[in-house]
Amino acid sequence: MSQSTGAATAEKAHVVIEPNLASRPQDLLTPEDRLEIFRQLYLARYFDVRLIKEKRRGKLRGTLYSSHNQEAVLVGSLFGLKPNDWISPIHRDMPAFFLKDMRGGWRRSDRMGMSIEEVCAQVWGKIDSPGRARDNWSHIGSRAKHIIHSTSMLAGTIPVAAGVVYADRLDGGDAVALTFNGEGSTAQGIFHEAINYAAVRKLPMVTIIENNQWAYGTPVHLEVPTADVADRARGFGIPGFIADGQDVFDVYDKVMQAIEYARSGQGPSIVECKTFRAYGHGDHDDDRANKYRSPEEVEHGRARDPIAVCRKRLIELGILTGEEASLYQAEGKNAVEATDEDFPKEVVQYLNEGIDFALASDIPSAEEGAMWVFKENA
Amino acid sequence: MSAIADAPAAIKKNYLTALKEALFEEMERNPNMLCQGEDIGILGGAFGVTEGLQAKYGEARVVDMPISEACIVGSAVGMALNGKTVMAEMQFMDFISCGFDQIVNMMATYHYRTAGEVNIPVVVRGPAGAYGGGALYHSQMNEAWFCNSPGLRVVCPSTPSDAKGLLKAALRDGNPCVFFEIKELYRKREIEEVLPEGDYIVPLGKAAIRRTGTDITFVSYGQNVYHCLAAADELQKHGVSAEVIDIRSLVPLDEETIFTSLAKTNRLIVVNEAPMTCGFAGEIVSRVSEKAFDLLDAPPVRITRLDTPVPWSKPLELFVLPSVEKIVNAALKTVRF
């Protein structure tokens with residue numbers, strides 16, 4: 001008797017993979033929303049393409065962790081957030097810094113996301129970076145914009161996100177924290193400690209697992225024993241959603257369900273977005289990745305470009321028609337093949353403005369290396 | 001009746017009560033403060049430091065956490081990121097290793113990484129130290145790990161009034177702090193004292209001279225301060241006058257008080273119960289050697305735990321730890337150098 005009750009509870013906790021079509025959150029998106037999502041996919045892709053080019057020209061320091069082919073996970077999960085919600089992106093999520101709270105206009109001055117200028121200043125290691133170039137690439141954040149600063153220990157940001165929303169709830173807020181991780185970091189102890197704690201306390205936290213099949217050089221089946229990473233949720237008695245990480249609208253659907261579940265006080269959940277890492281772990285790993293992954297696997301993993309999947313859907317819905325439907329063809333192209341003509345003009349212009357700003361910004365003075373170890377008290 | 005006649009007689013209090021008073025006073029003073037740790041609420045803490053705290057301030061502000069040291073620290077950092085001050089208890093400081101990454105990589109570096117945008121007022125505190133038969137995992141003094149991680153205050157009080165004043169100071173400092181309490185002192189009758197009245201604060205980075213002397217300087221902290229004081233008594237019989245400095249806070253360190261003493265005594269012994277290699281005793285000797293070499297008339301000496309774990313059996317435990325006898329012998333040798 002008790003056994004069957006337990007099984008029923010587990011079944012209930014594991015939210016169905018296919019939501020009821022009649023109540024899909026995406027059905028409430030306007031055509032303008034969908035076009036904006038499409039533009040944001042292009043923006044995330046262009047950011048990646050452009051940085052790869054700049055890096056190859058020797059213009060950038062550090063390691064570039066490409067988000068190519070994973071843009072739908074970022075755009076789809078961020079699009080439905082409220083401005084006050086918190087996020088904690090990790091290394092492969094650079095576009096998240098400027099995609100946050102972008103829905104109401106890219107240039108809004110009160111946006112609760114970073115400007116492209118701030119993000120580019122960080123990538124170029126300039127003083128106008130939010131972290132004044134003290135840590136590299138994705139290791140930035142903003143308390144003011146509700147973006148949690150990550151470290152290289154990946155799942156290490158999950159307890160921080162849990163603490164942030166604990167405090168927010170204590171103050172009567174209704175913010176949700178959206179944390180990002182790869183499938184590999186679900187093997188870290190802190191992943192389990194933090195989600196266990198969030199589940200015990202029913203904290204409004206959604207953990208996105210970008211399952212891109214490879215954690216650096218280790219395939220998913222050597223990181224996770226279950227068929228789906230979302231099955232991790234069962235042990236915590238929380239929902240584990242699975243999204244098609246190539247379909248931005250499916251990601252949006254699943255994440256919005258998770259967010260509403262969290263915001264309404266029911267607690268945390270996991271959303272596994274199944275996707276595929278286009279290149280190496282970082283750009284330093286591109287050559288070796290071509291050896292430890294077969295061309296067939298890579299071709300298969302990249303066969304459904306998120307931009308193409310989105311375009312197809314917009315055409316089906318009659319939102320993209322005629323000539324408009326075939327404008328800009330960035331999908332399927334590697335960074336070296338893609339040109340500015342493959343992207344919407346506003347996307348190219350937006351990033352150019354960010355890069356121009358970064359190039360004009362100064363590098364920090366050497367003495368700053370010894371500053372801000374402690375908050376100095378009077 | 002006069003107010004004076006109404007005042008209760010001054011009551012001596014122990015080290016643990018002093019810590020408890022600090023927590024109650026800071027929770028009262030700062031509505032944005034929380035406490036969290038294992039067994040701190042319903043039970044009131046393994047040693048009782050947080051007894052009564054949850055009853056007064058509620059479950060939301062005095063939080064019983066799962067056995068997850070990394071999450072205890074990490075979530076405290078998140079709360080601090082969102083405007084809170086947090087006391088995070090380690091049930092034993094030995095267990096702090098389970099939360100190490102969150103302390104040294106997440107908490108300690110936050111202010112630095114963000115160029116000052118974020119400061120993290122989190123005090124990770126808990127019972128530490130040997131001499132009680134606690135064996136390998138209930139005896140450690142692992143303060144050196146955190147002194148070697150820039151961005152952390154590291155504090156270790158030896159008296160009840162310091163326990164109270166330093167904990168209050170640490171909770172208001174605005175920087176993350178690792179706060180080592182000496183569990184053997186928690187209820188030690190001999191060190192009970194009348195606590196200073198009012199909002200009593202002991203500033204971080206100020207050493208205390210526990211005994212003045214002219215022939216040799218003992219620098220110590222925690223319960224080894226009492227070993228030094230006993231050794232000083234013993235040395236008096238040999239005509240040797242020892243000065244005892246209790247540094248109280250390791251980071252920041254009050255070098256001035258040490259140098260001033262050495263200008264008078266010209267001889268240095270540093271005593272602590274952590275292992276010797278890369279321990280804080282070595283750091284003090286290094287700073288004296290670099291900055292005050294001319295003040296030394298004899299080689300500086302470290303008396304520390306041997307480079308071993310802390311064993312359980314009493315003779316074994318005492319063998320590896322600093323003792324009054326070891327200090328006296330080293331002092332006699334040093335003054336005759």
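In what order do the strands of the open sheet in chain A stand, and is their pairing parallel or antiparallel? Please keep in mind throughout that what we have in front of us is a predicted model. The sheet in chain A is built from five strands, in the order β1-β2-β3-β7-β6, and the pairing is parallel. The two edges are taken by β1, residues 86-88, and β6, residues 240-244, of chain A, and because each has a single partner strand, one side of each is left without a neighbour in the sheet. Going from one strand to the next, the twist averages 20°.

Let me stay with chain A and look inside that sheet. Strand β2, residues 177-182, runs parallel to strand β3, residues 205-211, and six bridges join the two strands of chain A. As one example of how they line up, F180(A) has I208(A) of β3(A) standing opposite. Helix α6 of chain A, residues 157-170, packs on the sheet and touches β1, β2 and β3 of chain A, with a direction that makes about 175° with that of β2(A). Helix α7 of chain A, residues 189-200, lies across β3 and β7 of chain A, where β7 covers residues 269-274, and this helix runs at about 145° to β3(A).

Two single residues of chain A deserve a moment. E71(A) is found in helix α3, residues 71-78, of chain A, and with a relative accessible area of 0% this glutamate is buried. If we set aside the neighbours within four places in sequence, E71(A) is in contact with L41(A), A44(A), R45(A) and P306(A). The other residue is Y216(A), which lies in the loop between β4 (214-215) and β5 (218-219) of chain A. Phi of Y216(A) is near 50°, which is a positive value in a residue other than glycine, and Y216(A) is partly exposed, at a relative accessible area of 35%.

Turning now to chain B, I would begin with its division into domain 1, residues 9-194, and domain 2, residues 208-335. The centres of these two domains of chain B, taken over C-alpha atoms, are separated by 26 Å, and the contact between them takes 28 residues from domain 1 and 30 residues from domain 2. The area buried between the two domains of chain B is about 2200 Å², and carbon and sulfur atoms give 60% of that.

Within chain B, which residues of strand β10 point one way, and which the other? I216(B), F218(B) and S220(B) point one way from β10(B), whereas T217(B) and V219(B) point the other way, and all are buried. Since five of the five residues of β10, residues 216-220 of chain B, are buried, this strand is largely enclosed by the rest of the structure. Its pairing with strand β11, residues 242-246 of chain B, is in the parallel sense over five bridges, and one of these places S220(B) with D246(B) as its bridge partner in β11(B).

There are also two backbone details in chain B. The peptide bond from V251(B) to P252(B) is cis, with omega near 0°, and P252(B) lies in the loop between β12 (249-251) and α10 (255-265) of chain B. A115(B), in the loop between α6 (110-113) and β5 (122-128) of chain B, has a positive phi, near 50°, in a residue other than glycine, and at 15% relative accessibility A115(B) counts as buried.

Next, the cysteines: how many disulfides does the structure hold over all chains? The number is zero. Take C98(B): the closest cysteine sulfur, in C71(B), is 13 Å from its own sulfur, and that is too far for a bond. C98(B) counts as partly exposed, at 48% relative accessibility. C228(B) is likewise in no disulfide, the nearest cysteine sulfur being that of C156(B), 12 Å away, but C228(B) counts as buried, at 0% relative accessibility.

Finally, let me come to how the two chains meet. In the contact, 39 residues of chain A are set against 44 residues of chain B. Between them, chain A and chain B bury about 3400 Å², with 59% of it on carbon and sulfur atoms. On the chain A side, the residues that lose the most area to chain B are R143(A), F374(A) and K375(A), which together account for 19% of what that side buries.

Note on methods
Residues are numbered from 1 along each chain as its sequence is written. Chains are lettered from A and ligands numbered from 1 in the order in which they are written. This is a predicted model: local features need pLDDT of at least 70, side-chain atom pairs count only at pLDDT 80 or more; totals for chains, interfaces and linings use all residues. Side-chain values use heavy atoms; hydrogens and water are left out. Two strands pair if DSSP finds at least two bridges between them. Helices (H or I, at least four residues) and strands (E, at least two) are DSSP runs, numbered from the N terminus. Axes are lines fitted to C-alpha atoms, for helices over the stretch in contact, and angles run from 0 to 180 degrees between N-to-C directions. Contact means heavy atoms within 4.5 Å. A disulfide is a pair of cysteine sulfur atoms within 2.5 Å. Buried means under 20% relative accessible area, exposed over 50%, partly exposed in between (1.4 Å probe, protein chains only). Domain bounds come from an automatic or database domain assignment. Buried area is the accessible area (1.4 Å probe) that two parts lose on being put together, summed over both.
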